Amino acid sequence: MIKEVLDVMVEMANQGITMLCVTHEMGFAKAVADRVIFMDQGQIVEQNNPHDFFNNPQTDRSKDFLSKILGH
C-alpha cells in the first residue's frame, strides 16, 4: 500500500501539484522533493535542496540523522 501512495504522490508532483509531505521515507524525499526541511523537536534544523541536503548536510544533527538512516 505504501508504494501505491508514493506512486500517486510522484504522479501528482510530475503534474506540478504542490504538496507538503512529512515523511521518514528518505529515498522518496530524495527522489521527488524540491526542498527538504529537516526538523528536530519541532524546530527547523536545516533546509536545502535535496541534492545538497543528502550529499552535504550542514548541521551536526542532520549529519547524525543521515548517517543512521542512510549509512553516510
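Buried means under 20% relative accessible area, with exposed over 50% and partly exposed in between.

**View 1. The protein chain of this predicted model and the share of its residues that is buried.** Of the 72 residues in the protein chain, 22% are buried. The C-alpha atoms, taken along the principal axes, fill a box of roughly 35 × 25 × 20 Å. Among the contacts in the protein chain with a separation of 6 or more, 13% are accounted for by residues that lie 24 or more positions apart.

**View 2. The helices and strands of the protein chain.** The protein chain holds four helices and two strands, and when these elements are followed from the N terminus on, they run in the order α-α-β-β-α-α. Strand β1 covers residues 36–40, and Ile37 has its place in this strand.

**View 3. A nonpolar patch on the surface, made by Ile37, Met39 and Ile44.** Together, Ile37, Met39 and Ile44 make a nonpolar surface patch of about 290 Å². Ile37, which sits in strand β1, counts as partly exposed because its relative accessibility is 46%, a value that falls between the limits of 20% for buried and 50% for exposed.

**View 4. The exposed surface and the charges of the protein chain.** The protein chain exposes about 5400 Å², and carbon and sulfur atoms supply 53% of this area. The protein chain carries 6 positive and 10 negative charges, and the mean position of the positive charges is 6 Å apart from the mean position of the negative charges.

Key:
Residues numbered from 1 in each chain as written. Predicted model: local features only at pLDDT ≥ 70, side-chain atom pairs only at ≥ 80, totals over all residues. Heavy atoms only, no water. Patch = residues over 30% accessible without salt bridge, like charges linked within 9 Å, V, L, I, M, F, W, Y side chains within 5 Å. Areas by Shrake-Rupley, 256 points an atom, 1.4 Å probe, with all protein chains shown as cover. Salt bridge = Lys/Arg side-chain N within 4 Å of Asp/Glu carboxyl O. Buried < 20%, exposed > 50% of the residue type's maximum accessible area, 1.4 Å probe, protein only. Contact = heavy atoms within 4.5 Å. Lys, Arg positive; Asp, Glu negative; His and termini not counted. Charge placed at Lys NZ, Arg CZ, Asp CG, Glu CD.
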